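Work through the exercises below with the sequence and the model open. Each task is followed by a solution in steps.

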Amino acid sequence: MTTLTRSRESVPDAAPSSSTALTGTRRLLQFGLRRDRVRMPVWALSIGGLIAYFGAAIPAVYPDAAAMQTRAEIMRDPSGAFMTGPGYGLDDYTFGVMIANEMLGMIAVAVALMSILLVVRHTRAEEEAGRVDLVRAGAVGRRAPLSAALVLLLVANLAIAAVLLAALLVNDLALPDSAAIAAGAAVVGLVFGSLAAVTAQLSEHARTASGTAGGLLGLAYVLRGVGDAAQPGGSTLSWMSPIGWAQQTRAFVDLRWWPLLVGVGVAALLLTASFGLVGHRDVGAGLLPARRGRPAASRGLPSPTGLTLRTERASIAWWAVGLFVFALLTGSMGRGIVDSFESQPQLAEVFGGAGQDDVLRSTLSAFLAFFAMAVAVHAVVSINRLNHEEDEGRTGVVLATAVSRPAWLGGSVLVSALSSTLLLLASGLGVGAGAASSVGDPGLVGAFTLASLAHLPIVLCFTGLAALAHGLRAGKWWLWALLVASILVGLYGPLFDLPGVVLDAAPFALTPRAPYETVTLPPLALITITAATLVVAATAALRRRDVTA
């Protein structure tokens, strides 16, 4: 009896075999593919479609080699290198070189974001929702959920690489260099997806896991930008960024594959680390301990606004720091912009200004509009948090108290509006401070800080649209489609030679690009009234529907 008891007790102490730990991976992978059967094709076709349209529009905008070289001179400037890439092949600027310089970095960021969201959604978010406990109650190994998520990550990145390669080949580009572009984007996605697998083990909340990985992605983009702006062809800082590794393949100029091996190696190390970490924590818990709260709540916390601000404050702080640093670095390129137009006055016509001050303000005002687009993304994400709260049943708990539906929605809208104002001011302050230190004009600080508020009404409109989407409970895809389309038209509309009607009707074209353009109050007031109307409609819609239990 003693021998039998000891033999049975020895079973749990034995380390599980690798096959046992991976039991159920195939079925979880099938389930993941089923869940993402729409998301993955949308991501792949969106990226591939953008490149295909880019190839169709370029000949109309830049019909000959001379026009392409004018574009290359803009990219030769440090500010152009910061925003795009290291600037290989500028002496013979072809369509392929343009893709490698101006599009690869943006594509890599998009693929990295998709990978981060995918991995966190299938790992930490599932644990936070309690579904992993139910899955693990069956014949499923400890590492099976993570393994299925990582295989799904590989499948998604291969799908995007295949569609991207097809889009490049349709534009009659060389196969080896096109394959390098597609492989580079996929490698960046694998690196940041693997990084998200690590952050998912460290944190017990999905938002923290994805936010940490997203913050490191932003840091990687800034490091790449500063490194490329510091030295033609990239500097040491460029090699500290996975995005830089993809761009250092020098596709369509002097193709080399070995920089991608760095990304593959880093991804392998991160994957190994995530598998090791998952065995050292409990399901639902993170390796980093959660910070203990105060013994008593603050006075503002019991209100909907105070609760929303408390849960959003870390995200708002990271957004503010990231946008300010990015804006400061962008504004610091002011001297380079002035020097470029001093040596090549013909480039002034591209930016619509004749004098140095006009060109500087016009260019930096355009950059400030780009930051407003980022703030609009924050506003939509902030309001979309309400959908998650309702899905998890917390909204019903709150509304069971003395909190009304308008107050619950209004608290989130107010926090989103205030945080958007803060982020716009941080962006304007960063651009102005960077430009002032670069060209020696302190007046630019106040000018760009105040000018940033000109973009607040259109950001509030997206806040109202997000609130309306929640009030109607009609899905989020149309809202994101509208926002992404607005950003793409704002960024690449002139480059794609879109009709003037489309460019003028684009949401971000409705606000003046201050301080270069004069601000008139009636249009901004009309946009603000539209935003308020959307919030009122959202409140009425929320009153009339049932709340998910």
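**Exercise 1. Cavities**

Find how many cavities of 30 Å³ or more this predicted model holds, and describe the lining of each.

Step 1. The count of cavities of 30 Å³ or more comes to two.

Step 2. The largest cavity holds about 150 Å³ of space. Its lining is made up of Thr123, Glu127, Val132, Arg136, Arg142, Pro145, Leu146, Gln201, Val278, Arg281, Asp282 and Val283. Two or more of these lining residues come from each of α9 (131-136) and α10 (144-170).

Step 3. Sorted by residue class, the lining of the largest cavity has five nonpolar, two polar and five charged residues.

Step 4. For the second largest cavity the volume is about 50 Å³. Pro86, Tyr88, Ala100, Asn101, Gln247, Arg250 and Ala251 line this second cavity. Here the division is four nonpolar, two polar and one charged.

**Exercise 2. Aromatic rings**

State how many aromatic pairs a search of the whole structure finds, then classify the pair formed by Trp239 and Trp258.

Step 1. The search gives two aromatic pairs.

Step 2. In the pair of Trp239 and Trp258 the ring centres are 5.4 Å apart and the planes meet at 5°. Planes under 30 degrees apart count as stacked, so this pair is stacked.

Step 3. Trp239 belongs to the loop between α12 (206-230) and α13 (242-247), while Trp258 belongs to helix α14 (residues 258-278). The pair therefore ties together parts that are 19 residues apart in sequence.

Step 4. Buried means under 20% relative accessible area and exposed over 50%. With a relative accessible area of 29%, Trp239 is partly exposed. Trp258, at 44%, is also partly exposed.

**Exercise 3. A charge and a ring**

Identify the ring whose face Arg224 lies over, and give the distance to the ring centre.

Step 1. The ring is that of Tyr221.

Step 2. Arg224 is placed over the face of this ring at 4.8 Å from the ring centre.

**Exercise 4. Helix α21**

Compare the span of helix α21 with the expected span, and decide whether the helix is largely enclosed or not.

Step 1. Helix α21 covers residues 456-472, 17 residues in total.

Step 2. From the first C-alpha to the last, α21 reaches 24 Å, close to the 24 Å expected at 1.5 Å a residue.

Step 3. Of the 17 residues of α21, 16 are buried, so the helix is largely enclosed by the rest of the structure.

Step 4. Just after α21 comes Arg473, which takes a positive phi of about 55°.

How values were computed. Residues are numbered from 1 along each chain as its sequence is written. This is a predicted model: local features need pLDDT of at least 70, side-chain atom pairs count only at pLDDT 80 or more; totals for chains, interfaces and linings use all residues. Side-chain values use heavy atoms; hydrogens and water are left out. Helices (H or I, at least four residues) and strands (E, at least two) are DSSP runs, numbered from the N terminus. The expected span of a helix is 1.5 Å times one less than its number of residues. Buried means under 20% relative accessible area, exposed over 50%, partly exposed in between (1.4 Å probe, protein chains only). On a 1 Å grid over the protein atoms alone, a cavity is a set of points where a 1.4 Å probe fits but cannot get out, and a pocket is an open set with protein on both sides within 12 Å along at least five of seven lines; lining residues have an atom within 4 Å of a point. Grid points are joined across faces, edges and corners, and a volume is the space filled by probe spheres set on the points. Ala, Val, Leu, Ile, Met, Phe, Trp, Tyr, Cys and Pro count as nonpolar, Asp, Glu, Lys and Arg as charged, and the others, Gly among them, as polar. Rings of Phe, Tyr and Trp (its six-membered ring) pair if their centres lie within 6.5 Å; planes under 30 degrees apart count as stacked, over 60 as edge-to-face and the rest as tilted. A charge sits over a ring if NZ of Lys or CZ of Arg is within 6 Å of the ring centre and within 35 degrees of the ring normal.
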